[in-house]
Amino acid sequence: HLLKSDAEESRRLAEAVVAAKERVGFCQRCFNLSEGDLCPVCSDSRRDGHVICVVEEPRDVIAVERTREFRGNYHVLGGAIDHLQGVGPEQLKIRELLARIGSEGVTEVILCTNPNLEGEATALYLSKVLSMPGLTVSRIASGLPVGGDLEYADELTLGRALEGRRTVETAPASEAV
């Protein structure tokens with residue numbers, strides 16, 4: 001693309017990259033991307049400060065926000081535990097999470113790490129570290145995607161879907177017909 005574009009377009013792209021690098025950093029509170037000290041989520045007083053959703057990367061904040069279902073705050077770990085890549089708990093923002101829980105009156109932490117080996121290891125580690133009185137620790141559900149077919153689901157995904165099942169409101173038999 002760059003070779004086909006004119007010099008002015010390439011120059012604008014280069015300037016945009018430099019400006020982004022100069023203006024965008026990490027939120028001092030949750031480690032999401034931010035153009036100031038605090039990201040837009042942490043700056044929003046309408047958010048429920050008693051609930052923190054823990055994610056691996058800033059792009060995960062965007063994914064959760066797109067659902068419009070979560071009204072609390074976030075904490076970005078900066079990755080997941082991956083011993084093969086040399087990433088242990090000490091390389092993640094776990095100490096900062098613990099400090100926030102203690103100082104911000106947090107009552108619930110939602111572990112929203114990826115449903116892969118590294119994300120599961122991170123969630124398991126956090127569930128042990130966060131075991132403290134008065135704090136509810138939950139894990140996002142996992143299972144089959146909407147529109148998916150059972151025959152193509154792997155055993156772990158289907159097992160999680162069965163494990164995370166919920167009751168269905170049923171109508172009396174006379175109304176069902």
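Tutor: A crossover is right-handed if, with the strands pointing away from the viewer, the path from the first strand over the helix to the second runs clockwise. This is a predicted model, where local features need pLDDT of at least 70, side-chain atom pairs count only at pLDDT 80 or more, and totals for chains, interfaces and linings use all residues. Residues are numbered from 1 along each chain as its sequence is written, and side-chain values use heavy atoms, without hydrogens or water.

Student: Which handedness does the β-α-β unit of E3, H3 and E4 have?

Tutor: Helices (H or I, at least four residues) and strands (E, at least two) are DSSP runs, numbered from the N terminus. E3 spans 48–55, H3 spans 58–67 and E4 spans 72–76. Their β-α-β unit is right-handed.

Student: How many bridges join E3 to E4?

Tutor: Two strands pair if DSSP finds at least two bridges between them. E3 and E4 run parallel. Asp 48 stands opposite Gly 72 in E4. The bridges joining E3 to E4 number five.

Student: Which residue in E5 is the bridge partner of Val 54?

Tutor: E3 and E5 run parallel, joined by four bridges. The partner of Val 54 in E5 is Leu 111.

Student: Which element gives the largest nonpolar core its largest share?

Tutor: A nonpolar core joins buried (under 20% relative accessible area, 1.4 Å probe, protein chains only) Ala, Val, Leu, Ile, Met, Phe, Trp, Tyr and Cys residues through side-chain atoms within 4.5 Å. The largest one has 16 residues; Cys 39 and Phe 70 are among those with the most contacts inside it. The largest share of this core, three residues, comes from E3.

Notes
Buried means under 20% relative accessible area, exposed over 50%, partly exposed in between (1.4 Å probe, protein chains only).
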